[in-house]
Amino acid sequence: MKLYNTLTKTKEEFIPIKPGEIRMYSCGPTVYNYFHIGNARPFVIFDVFRRYMEHKGYKVTFVQNFTDIDDKMIQRAKEEGLTVQELAEKFIAEYFVDADGLGIRRADFHPKATEHIDDIIAFVQKLMDKGLAYQAGSDVYFDTGAYEGYGRLSGQNLEDLELGARIDINDKKKNPMDFVLWKGQKPGEPAWDSPWGPGRPGWHIECSVMATKYLGETIDIHSGGQDLIFPHHENEIAQSEGATGKPFARYWLHNGYINVDNRKMSKSLGNFFTVRDISKDFDPEVVRLFMLSSHYRNPINFSRELLEQAQSALERLYNARNNLEHLLKDAEEKPADESEKQFLDRLPRFKEDFERAMEDDINTADAVGVIFDLVREINIHVTAGRSAGTIRAALDALKSLTGILGLLNRKQGSLDGEIEELIEKREQARKMKNWALADSIRDQLKEQGIVLEDTPQGVRWKRL
RNA sequence: GGCGGCAUAGCCAAGUGGUAAGGCAGAGGACUGCAAAUCCUUUACCCCCAGUUCAAAUCUGGGUGCCGCCUCCA
């Protein structure tokens, strides 16, 4: 498996610290709102990475945090008339609703900052003890000047950063790039007691603390959006390596942005679409396929038209699956004939091609292409009269590959009796060549979202 | 000012030395009572200019255009 490592700016062969095991941390959402599809991209792509590595037999321990205390949380809670904790609980629940819809599996741990205050305080204390942090008023700052190697991840050095700095004037800091580890309480804000007085953790520290707590001082992979490279991940490295003296993460993975009209989708620009909003018009699985159709490090433009394209593509996948399941219903158990054998012999190649794509820095776009190649092969060769074994093999191959990408989660389900009766009535009408009646029933069902397709093996239905 | 990314058909998008995967849309055909699904056929001067090479979308240099980070942000 080759992965592009932001730390080295090269594609490297991935070698886990412990053979067969992967420990990975991915930055999760600040839970003050529904998340938008820009936020969703890392959730989806790193979920796919995790699924793929598990498919390859790795034991993956995956941690994704919830930031449940910060300025935005406090402000939003105030606006909503909720406590910060109530706000967090609400949007953590909503996170899971949308994440489930997108087919994102739960992490092994979803730690929250507020549940690790003691750990955070101990961590900050450790940095103080090492002379890498200092108290200024009621705040505690990380001393970037005292830490060697600041800027390694983002390819910046302190001087250049300061030259272009658009940072707030803050007299309390020794160095403009110093960042807060512990924020002293302001009136009306939630706070926890600490050696430096009541306050709350800064943003960056929670990830260092929770990553090392759940995964160890050196982890295999740390991931997130490109906008986290600086300063968030830079600061995580400084804190973690400052505190432990060990490398923090071996591989840093960063996904590209989702753009709208070629501009980055972001909360501050206000040009964002929440997954929740999009779910009103599209199955979130469409969003998932949309994201996986391009390489994760490339920016992708978002538009309704592109989702419609993805939706049509997804339908093609479902059609193939539904067709196989339909064929399987009354397929015979019999030995494969010569042409079936040839088809079966070709099946493993799709898996190989798929894996080759995935091994190349998670090239899901290429991998999706392989799935469509497989679909065509299946549509050509797996037709009426094929043996049950052949159909099953095709279905297994398709489900296996789409499963790794977390696609085709929708179940075919069943129809209620009333609709079944209508379908039967239409079948009778067709036998009598009463096309007018047959077509009117078909139209009527379509109104209800049931599409009928007549095949040589009888009528097949699907939901719109 | 510093650092970085991208430019492939109507729309999306892989491909990083041997003359272009895949999807969507379109056109024609097959199948169908009609459809749908499916299959077949069809649609690319790979941003521009130089250079390296037997050979470049792919490497090098120079342009042009767009975007991002350096501030909260996935």
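Here is a friendly tour, in questions and answers, of a predicted model.

Reader: I am new here, so how many helices and strands are there in chain A?
Author: Welcome! Along the principal axes, the C-alpha atoms of chain A fill a box of roughly 90 × 50 × 35 Å. Of the 464 residues in the chain, 52% count as buried. As for what you asked, chain A holds 15 helices and 15 strands.

Reader: Among contacts with a separation of 6 or more in chain A, what share comes from residues 24 or more positions apart?
Author: This one looks at how distant parts of the sequence meet in the fold. For contacts in chain A with a separation of 6 or more, residues 24 or more positions apart account for 76%.

Reader: Into which domains is chain A divided?
Author: One of them is made of several pieces of sequence, namely domain 1 with 2–136 + 145–169 + 202–301. The others each cover one stretch: domain 2 (304–404) and domain 3 (417–463).

Reader: What area do domain 2 and domain 3 bury between them?
Author: The centres of these two domains, taken over C-alpha atoms, are separated by 27 Å. Where they touch, 7 residues of domain 2 are in contact with 6 residues of domain 3. Carbon and sulfur atoms carry 45% of the area buried between domain 2 and domain 3, which comes to about 590 Å².

Reader: Which residue forms a salt bridge with Lys-462?
Author: Between domain 2 and domain 3 the count is 1 salt bridge. On the side of domain 2 that touches domain 3, the residues divide into 2 nonpolar, 4 polar and 1 charged. For Lys-462, the closest N and O atoms of the salt bridge are 4.0 Å apart, and the partner is Glu-315.

Reader: Is Arg-426 buried or exposed?
Author: Arg-426 sits in helix H14, which spans residues 417–431. Its side chain reaches the backbone oxygen of Ala-438 at 3.1 Å, and its contacts beyond four places in sequence include Ile-441, Leu-452 and Asp-454. The relative accessible area of Arg-426 is 1%, and since the cut-off for buried is under 20%, Arg-426 counts as buried.

Reader: How many residues of helix H9 are buried?
Author: Helix H9 runs over residues 284–292 and is mostly covered. Among its buried residues are Pro-284, Arg-288 and Leu-292. The count of buried residues in H9 is 9 of 9.

Reader: Which residue caps the N-terminal end of H9?
Author: Look for a side-chain oxygen that lies 2.9 Å from the backbone nitrogen of Glu-285. That oxygen belongs to the capping residue, Asp-283.

Reader: Which residues outside its close sequence neighbours is Val-370 in contact with?
Author: Val-370 has its place in helix H12, residues 364–381. With a relative accessible area of 8%, Val-370 is buried. Leaving aside neighbours within four places in sequence, its contacts are Phe-350, Asp-353 and Phe-354.

Reader: How far apart in sequence are the parts that Glu-54 and Arg-105 tie together?
Author: A search of the whole structure finds 47 salt bridges, and in one of them Glu-54 pairs with Arg-105, the closest N and O atoms being 2.8 Å apart. Glu-54 lies in helix H1 (residues 37–55) and Arg-105 in the loop between helix H3 and helix H4, so the pair ties together parts whose separation in sequence is 51 residues.

Reader: In the salt bridge of Lys-174 and Asp-143, is Asp-143 buried or exposed?
Author: The side chains of Lys-174 and Asp-143 meet at 3.2 Å, N to O. At 58% relative accessibility, Lys-174 counts as exposed. Asp-143 has a relative accessibility of 10%, so Asp-143 counts as buried.

Reader: What is the relative accessible area of Asp-361?
Author: Asp-361 forms a salt bridge with Arg-297, with the closest N and O atoms 2.9 Å apart. Asp-361 lies in the loop between helix H11 and H12 and Arg-297 in the loop between H9 and strand S13, so the pair ties together parts that are 64 residues apart in sequence. Arg-297 counts as partly exposed at 24% relative accessibility, whereas Asp-361 is buried, with a relative accessible area of 0%.

Notes. Residues numbered from 1 in each chain as written. Chains lettered and ligands numbered in written order. Predicted model: local features only at pLDDT ≥ 70, side-chain atom pairs only at ≥ 80, totals over all residues. Heavy atoms only, no water. Helix = DSSP H or I, 4+ residues; strand = E, 2+ residues; numbered from the N terminus. Buried < 20%, exposed > 50% of the residue type's maximum accessible area, 1.4 Å probe, protein only. Contact = heavy atoms within 4.5 Å. Polar contact = N/O pair within 3.5 Å; in protein donor to acceptor, adjacent residues only side chain to side chain. Domains from an automatic or database assignment. Buried area = accessible area lost by both parts, 1.4 Å probe. Nonpolar A, V, L, I, M, F, W, Y, C, P; charged D, E, K, R; others polar.
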